[in-house]
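Biologist: I'd like to go through this fold with you and press you on the labels. Can you put the structure up first?

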Amino acid sequence: MPPIQNEDTCALGAKRVKRLGYGAMQLAGPGVFGPPRDRDGALAVLREAVASGVDHIDTSDFYGPHITNQLIREALSPYPDDLTLVTKVGARRGEDASWIRADSDAELESAVLDNLRNLGLDALDVVNLRVMFGVHGPQEGSIAQPLSALVKLQRRGLVRHIGLSNVTPAQVEEGRRLCDIVCVQNQYNLAHRHDDALIDALARDGIAYVPYFPLGGFSPLQSATLTEVAQRVGATPMQVAIAWLLQRSPNILVIPGTSSVAHLRENLAAGGLRLPEDELRALDGIAGNAA
Ligand SMILES: NC(=O)c1ccc[n+]([C@@H]2O[C@H](COP(=O)([O-])OP(=O)(O)OC[C@H]3O[C@@H](n4cnc5c(N)ncnc54)[C@H](OP(=O)(O)O)[C@@H]3O)[C@@H](O)[C@H]2O)c1
């Protein structure tokens, strides 16, 4: 098999995007709340990402709130034709920075309108319904009401494609009975592999899977095995974590988040890293040892 380069693509809504994109959540202030510590640095990260060929950026209007989308608009609008912006709705932020479920029909409409205004768009490429039955992980329950509300906004032309986030396999099935689902975004990385079977099922059906916290999120992955593999292949641990995801399944789109241009460059360089089979087997052991 030829090395995975960041030229490899996967369908996401109307377009094919490169397998390695960028997640914008880290651009807001501490705790994804308020303005960034370094505003010019945040704009520089976005501009560098697109200049380096990134054509898929993941965001939400509840990052900041509003601030991350406003930074994206300032840095990148007018947007390149090949850029796919994926946003999410279904939550809002409390004044104390808490994450609050917000998926009534009226709240979803207002979230879509907020995203359109702050990103400066007439229609959103892809909108994920971020299910908030459980804040930190999926919880069973019917998603028919909020998803039907999103479908109505799609019929009005405000939303082009719909995805799901923080969902169980049963919710994915329910969602697919209600409308076309183009992507699923759940927590998944080397140490957190609850979705292995779901990823394989989505791959068979040509649906993109977009792991959130691909590097471990607010506490980046740390493991002796990861460090040892990184040393053996001459890469950094974060590059190995990205390369492992790219090799895990062709429907995985990786969106590492960073507020640093240096980390962005390091992460994008992982698109050219190919891990040998024995190193992949060593990395598989990390999940077995994780809590
Ligand atoms: N659907 C959801 O519920 C949900 C939830 C969380 C996230 N997301 C999406 O998923 C994207 C990715 O998740 P994430 O940003 O939270 O977590 P992540 O990509 O797993 O990790 C980000 C963390 O890793 C650090 N980092 C990045 N590159 C690094 C490098 N090369 N070396 C060392 N540290 C590095 C970042 O710090 P620096 O800023 O210092 O680089 C940051 O602390 C988000 O941006 C967001 O778009 C979605």
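What follows is a chat about why certain parts of this predicted model get the names they do.

Biologist: Let's start with the sheet. What is the order of its strands, and are they parallel or antiparallel?

Modeller: The order runs S3-S4-S5-S8-S9-S10-S11, seven strands in an open sheet, and the pairing is parallel.

Biologist: Why are S3 and S11 called edge strands?

Modeller: Strand S3 (22–23) and strand S11 (208–209) each have a single partner strand, so one side of each has no neighbour in the sheet.

Biologist: How do you know that S8 and S9 pair?

Modeller: Pairing takes at least two bridges. Strand S8 (residues 124–130) and strand S9 (residues 159–165) share six, in the parallel sense, so the pair qualifies. For instance, Val 127 has Ile 162 in S9 as its bridge partner.

Biologist: And what makes S5 and S8 a pair?

Modeller: The test is again at least two bridges, and S5 and S8 have four, also parallel. One of the contacts to look up is Val 89, whose bridge partner in S8 is Leu 129. Leu 129 in turn stands opposite Leu 164 in S9.

Biologist: Why is S8 described as mostly covered?

Modeller: Buried means under 20% relative accessible area, and seven of the seven residues of S8 are buried.

Biologist: On to the nonpolar cores. How many residues does the largest one have, and which have the most contacts inside it?

Modeller: There are 76 residues in the largest nonpolar core, and those with the most contacts inside it are Tyr 22, Leu 46, Ile 57, Ile 72, Val 112, Val 240 and Leu 283. Helix H8 (residues 237–248) gives the largest share of this core, eight residues.

Biologist: What does Leu 283 touch, once you leave out residues up to four places away in sequence?

Modeller: Leu 283 touches Leu 190, Thr 225, Leu 226, Val 229, Val 240, Trp 244 and Leu 275. Another core lies apart from the largest one; it has eleven residues, among them Val 86, Val 182, Leu 253 and Ile 255.

Biologist: Now the loops. Why is His 66 called partly exposed?

Modeller: Partly exposed is the range between under 20% and over 50%. His 66 has 29% relative accessibility, so it counts as partly exposed. His 66 sits in the loop between S4 and H2.

Biologist: And what makes Ala 97 partly exposed?

Modeller: Its relative accessible area is 22%, so Ala 97 gets that label too. Ala 97 is in the loop between strand S6 (91–93) and strand S7 (99–101).

Biologist: Why do you flag the phi angles of these residues?

Modeller: Most residues other than glycine have a negative phi. Phi of His 66 is positive, near 75°. Ala 97, not a glycine either, has a positive phi of about 75°.

Biologist: Which peptide bond at Pro 65 is cis, and what is its omega?

Modeller: The cis bond runs from Gly 64 to Pro 65, with omega near -15°. Pro 65 lies in the loop between strand S4 (56–58) and helix H2 (67–76). Ser 77 and Pro 78 are also joined by a cis peptide bond, with omega about 0°, and Pro 78 is in the loop between H2 and strand S5 (84–89). Most peptide bonds are trans, so cis ones get a mention.

Biologist: Last topic, the pockets. What is the volume of the largest pocket?

Modeller: About 820 Å³. Of its 33 lining residues, Met 25, Gln 26, Phe 213, Gly 217 and Phe 218 are the closest to its centre.

Biologist: How does its lining divide by class?

Modeller: The lining of the largest pocket has 18 nonpolar, twelve polar and three charged residues.

Biologist: And which residues are closest to the centre of the second largest pocket?

Modeller: The second largest pocket holds about 280 Å³ of space. Of the 15 residues lining the second largest pocket, Gln 26, Ala 28, Gly 29, Arg 37 and Ser 259 are the closest to its centre. By class, that lining has eight nonpolar, five polar and two charged residues.

Definitions and conventions. Residues are numbered from 1 along each chain as its sequence is written. This is a predicted model: local features need pLDDT of at least 70, side-chain atom pairs count only at pLDDT 80 or more; totals for chains, interfaces and linings use all residues. Side-chain values use heavy atoms; hydrogens and water are left out. Helices (H or I, at least four residues) and strands (E, at least two) are DSSP runs, numbered from the N terminus. On a 1 Å grid over the protein atoms alone, a cavity is a set of points where a 1.4 Å probe fits but cannot get out, and a pocket is an open set with protein on both sides within 12 Å along at least five of seven lines; lining residues have an atom within 4 Å of a point. Grid points are joined across faces, edges and corners, and a volume is the space filled by probe spheres set on the points. Ala, Val, Leu, Ile, Met, Phe, Trp, Tyr, Cys and Pro count as nonpolar, Asp, Glu, Lys and Arg as charged, and the others, Gly among them, as polar. A nonpolar core is a set of buried Ala, Val, Leu, Ile, Met, Phe, Trp, Tyr and Cys residues joined through side-chain atoms within 4.5 Å. Buried means under 20% relative accessible area, exposed over 50%, partly exposed in between (1.4 Å probe, protein chains only). Contact means heavy atoms within 4.5 Å.
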